[in-house]
Amino acid sequence: RRILKPVIIIGIGLLVIAIIGISYAVQEITLMQVNDVLEDYVDETPVKKSECLGTARCFEGTVTQVIDGDTIKVDGQSIRFALASSPELSDEGGKASKKFIEVLCPAGSTVIVDEDDMQTGGSYGRIIGVVYCNGNNLNEELVNSQYGYIIDSFCENSEFGTNEWARKNGC
């Protein structure tokens with residue numbers, strides 16, 4: 001009995017260490033897959049403010065933080081991607097979607113934000129719009145990459161609901 005108890009404790013400890021190691025390895029593999037996918041998305045073509053639609057705010061700013069896969073901060077103001085959503089950071093795929101956006105549009109990047117004319121009230125203090133960064137429509141890239149998805153219940157309440165990228169992905 002004296003020998004059995006320490007052996008059980010050591011066995012449980014080794015099992016916990018193995019589980020932690022496997023979790024870390026899965027996360028690293030996921031991030032490597034994100035980096036591989038990103039090679040197809042990087043485009044350095046600048047976007048001009050003249051490409052903005054509608055009459056709501058359209059402004060240029062600097063990314064100060066990537067919050068998660070569908071929200072960034074531009075000059076300290078939170079911007080929520082119109083129509084596009086991603087898993088929460090604590091959910092499966094959440095960290096990968098954030099990493100995807102961070103690589104496409106890292107902090108310090110210059111962006112154009114085109115506010116959604118039909119959602120100028122925002123959401124939880126965030127501006128809702130399409131974000132253009134390094135030649136990419138981040139909303140479109142998020143849903144095309146499978147790291148995000150269209151929120152189809154907003155399609156009729158968004159000026160971007162009839163855009164080709166939105167229709168192609170479920171609007």
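How many salt bridges does a search of the whole structure find? The search finds three, and the legends below visit each of them along with the disulfides. This is a predicted model, in which local features need pLDDT of at least 70 and side-chain atom pairs count only at pLDDT 80 or more, while totals for chains, interfaces and linings use all residues. Residues are numbered from 1 along each chain as its sequence is written, and side-chain values use heavy atoms, with hydrogens and water left out.

**Figure 1. The protein chain holds four helices and eight strands.** Helices (H or I, at least four residues) and strands (E, at least two) are DSSP runs, numbered from the N terminus. Follow the sequence along and you will meet the pattern α-β-β-β-β-α-β-β-β-α-β-α. Of the 171 residues, 39% count as buried; here buried means under 20% relative accessible area, exposed means over 50%, and partly exposed lies in between (1.4 Å probe, protein chains only). Among contacts between residues at least 6 apart in sequence, 67% join residues at least 24 apart, where a contact means heavy atoms within 4.5 Å. The chain exposes about 9900 Å², with carbon and sulfur atoms supplying 54% of that area. Accessible areas come from the Shrake-Rupley method with a 1.4 Å probe, and for residues only the protein chains shown count as cover.

**Figure 2. A salt bridge pairs Glu115 with Arg57.** A salt bridge is a side-chain nitrogen of Lys or Arg within 4 Å of a carboxyl oxygen of Asp or Glu. In this pair the closest N and O atoms are 2.8 Å apart. The bridge links distant parts of the chain, since Glu115 sits in strand 5 and Arg57 in the loop between helix 1 (4–38) and strand 1 (58–68), 58 residues apart. Glu115 is buried, with a relative accessible area of 2%, whereas Arg57 is partly exposed at 44%.

**Figure 3. Asp70 and Arg80 form another salt bridge.** Their closest N and O atoms lie 3.7 Å apart. Asp70 belongs to the loop between strand 1 and strand 2 (71–74) and Arg80 to strand 3 (residues 77–81), so the pair ties together parts that are ten residues apart in sequence. Asp70 counts as buried because its relative accessibility is 5%. Arg80 is buried too, with a relative accessible area of 12%.

**Figure 4. Within helix 2, Glu102 meets Lys98.** The side chains of Glu102 and Lys98 form a salt bridge at 3.9 Å, N to O. The two residues are four apart, about one turn of the helix. Glu102 counts as partly exposed at 30% relative accessibility, and Lys98 counts as partly exposed at 22%.

**Figure 5. Cys52 and Cys58 are joined by one of three disulfides in the structure.** A disulfide is a pair of cysteine sulfur atoms within 2.5 Å. The sulfur atoms of Cys52 and Cys58 are 1.9 Å apart. The torsion about their S-S bond is about 45°, so this disulfide is right-handed. Cys52 counts as buried at 16% relative accessibility, while Cys58 is partly exposed, with a relative accessible area of 23%.

**Figure 6. A disulfide connects Cys105 and Cys133.** Here the sulfur atoms are 2.2 Å apart, and the S-S torsion is about 95°, so the disulfide is right-handed. Cys105 lies in the loop between helix 2 (94–104) and strand 5 (110–115), and Cys133 lies in strand 6 (residues 127–133), so the pair ties together parts that are 28 residues apart in sequence. Are these two cysteines buried or exposed? Both Cys105 and Cys133 are buried.

**Figure 7. Cys155 is bonded to Cys171.** The S to S distance is 1.9 Å. With an S-S torsion of about -80°, this disulfide is left-handed. Cys155 lies in the loop between strand 8 and helix 4, and Cys171 in the segment after helix 4, so the pair ties together parts that are 16 residues apart in sequence. Cys155 counts as buried at 12% relative accessibility, whereas Cys171 counts as partly exposed at 29%. Numbering the bonded cysteines of the chain in sequence order gives the pairing 1-2, 3-4, 5-6.

**Figure 8. Ser153 sits in the loop between strand 8 (149–150) and helix 4 (164–168).** Ser153 counts as exposed because its relative accessibility is 53%. Its C-alpha atom is separated by 9.9 Å from that of Gly170, 17 residues away along the chain.
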